[in-house]
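Please walk me through this structure, starting with the chain as a whole and then turning to single residues. I have not seen it before.

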Amino acid sequence: MPDLALPNVSLHYEVSGTGPPLLMLAGMLSDNASWEPLLPFLSADFTLIRPDNRTTGRTTPADAPASPEIWAQDALALLDHLGHSKVHVLGHSLGGNIGWVLTKMAPARVASYTMLASAPLNLRRNVELFRTLIAIRRSDAPPDAWLRVFFPWIFAPHTYEMPGAIDAALAQALAYPHPQSVAAMAHQLEAVLSAAPAPFQTEPDVPTLAILAEDDLLIPFKAAKDALRGIEQRVISGSGHAVHWEAPEKVAQHLRDFALQHDL
């Protein structure tokens, strides 16, 4: 359970697997544990580097300054600490935006970049969703109430048809020993809203792949496909925003096929 001491934060991270390094940047409300379903499918091919972004997991303090630029700087500092001059990068959702910023900051350090369920879409609906989740958590509602509101946004309809699947996901989330506090959740949202837009208007500086989920509500497929026009895309059907939970083997295959075309 290593931690990296930076000037105003202690950055927690996990490393596992063997092979070329793959930096994995988690999405909104998520930490390194969100990558768990992918690990069995990637550990034989990559050294998997998984930080807890500021405001999440075991990175402290939870109220440290945060923004996509700061999150990207933390990731670069972690790569320096681990001695990696060049890596593959995978970013889910918000992590996709962080990864894009990182590729602009230090393109020479990125062999390939894969965006997962991520696109340059500023949807007011999503902001209202997260604000509603925060309000529910601050209320007297049961601990699982906000998750029951959130899960239909991240899981595809077929997951709800699988007996016990949602109950199991709820139980796992509620039992997690390092949950994001509601204060940290609000801080993360404000950090995203106050940040300058990620420079998606420019062409990618590194080989870039977008893996999109056809049933994604948070990053709607058609809008994402259009916004990422000109970037190589792969589409996974029957999966929602949590595509790496619903179709981890397919995500891993797309990532592996793309990344291993580009040597470090």
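**From the whole chain to its details**

Among contacts in the chain between residues at least 6 apart in sequence, 74% join residues at least 24 apart. The model is a predicted one, and several of the residues discussed below take part in contacts with residues more than four places away in sequence.

The chain contains 11 helices and 8 strands. Its radius of gyration is 17 Å, and the globule rule gives 18 Å for 264 residues; the two values are close, so the chain is as compact as a globular protein of that length. Taken along the principal axes, the box filled by the C-alpha atoms is roughly 50 × 40 × 35 Å.

Of the 264 residues, 52% are buried. The area that the chain exposes is about 11,400 Å², and 56% of it comes from carbon and sulfur atoms. As for charge, there are 18 positive and 27 negative side chains, and the centres of these two sets lie 4 Å apart.

The next topic is the aromatic rings. A pair of aromatic rings is described by the distance of the centres and the angle of the planes. The count of aromatic pairs in this structure comes to 4. One of them joins Trp-100 and Tyr-113: the ring centres are 6.4 Å apart and the planes stand at 65 degrees, and because planes over 60 degrees apart count as edge-to-face, this pair is edge-to-face. Trp-100 belongs to helix H3, which covers residues 94-105, while Tyr-113 belongs to strand S6, which covers residues 110-116, so the pair ties together parts that are 13 residues apart in sequence. Trp-100 has a relative accessibility of 1% and therefore counts as buried. Tyr-113, at 0% relative accessibility, counts as buried too.

Phe-151 and Phe-155 form another pair, with ring centres 5.1 Å apart and planes at 80 degrees, so this pair is edge-to-face. Phe-151 counts as buried because its relative accessibility is 6%, and Phe-155 counts as buried at 13%. Elsewhere, ring pairs link Phe-130, Trp-146 and Phe-150 into a cluster.

Trp-146, a member of that cluster, lies in helix H5, residues 145-154. Is Trp-146 buried or exposed? Its relative accessibility is 15%, and the cut-off for buried is under 20%, so Trp-146 counts as buried. Not counting residues up to four places away in sequence, Trp-146 touches Leu-29, Leu-133, Ile-136, Arg-137 and Met-185. For one of these, Leu-133, the C-alpha atom is 5.4 Å from that of Trp-146, although the two residues are 13 apart in sequence.

Strand S6, already met through Tyr-113, also holds Val-110. Val-110 has a relative accessible area of 3%, so this residue is buried. Which residues is Val-110 in contact with, leaving aside its neighbours within four places in sequence? They are Lys-86, Val-87, Val-89, Leu-102, Thr-103 and Val-206. Ser-85 is 25 residues away from Val-110 along the chain, and their C-alpha atoms are separated by 8.7 Å.

The last topic is the backbone in the loops. In the loop between strand S4 (47-51) and helix H2 (68-82) lies Pro-61. The peptide bond that joins Thr-60 and Pro-61 is cis, with omega at about -5 degrees. The loop between S4 and H2 also contains Thr-55. Thr-55 is not a glycine, yet its phi is positive, at about 85 degrees. With a relative accessible area of 3%, Thr-55 is buried.

Ala-117 likewise has a positive phi without being a glycine, here about 50 degrees. Ala-117 is placed in the loop between S6 and helix H4 (124-138). The relative accessible area of Ala-117 is 0%, so Ala-117 is buried.

Terms used
Residues numbered from 1 in each chain as written. Predicted model: local features only at pLDDT ≥ 70, side-chain atom pairs only at ≥ 80, totals over all residues. Heavy atoms only, no water. Helix = DSSP H or I, 4+ residues; strand = E, 2+ residues; numbered from the N terminus. Rg over C-alpha atoms; globule rule 2.2 N^0.38 Å. Buried < 20%, exposed > 50% of the residue type's maximum accessible area, 1.4 Å probe, protein only. Contact = heavy atoms within 4.5 Å. Areas by Shrake-Rupley, 256 points an atom, 1.4 Å probe, with all protein chains shown as cover. Lys, Arg positive; Asp, Glu negative; His and termini not counted. Charge placed at Lys NZ, Arg CZ, Asp CG, Glu CD. Phe/Tyr/Trp six-rings, centres within 6.5 Å; stacked < 30°, edge-to-face > 60°.
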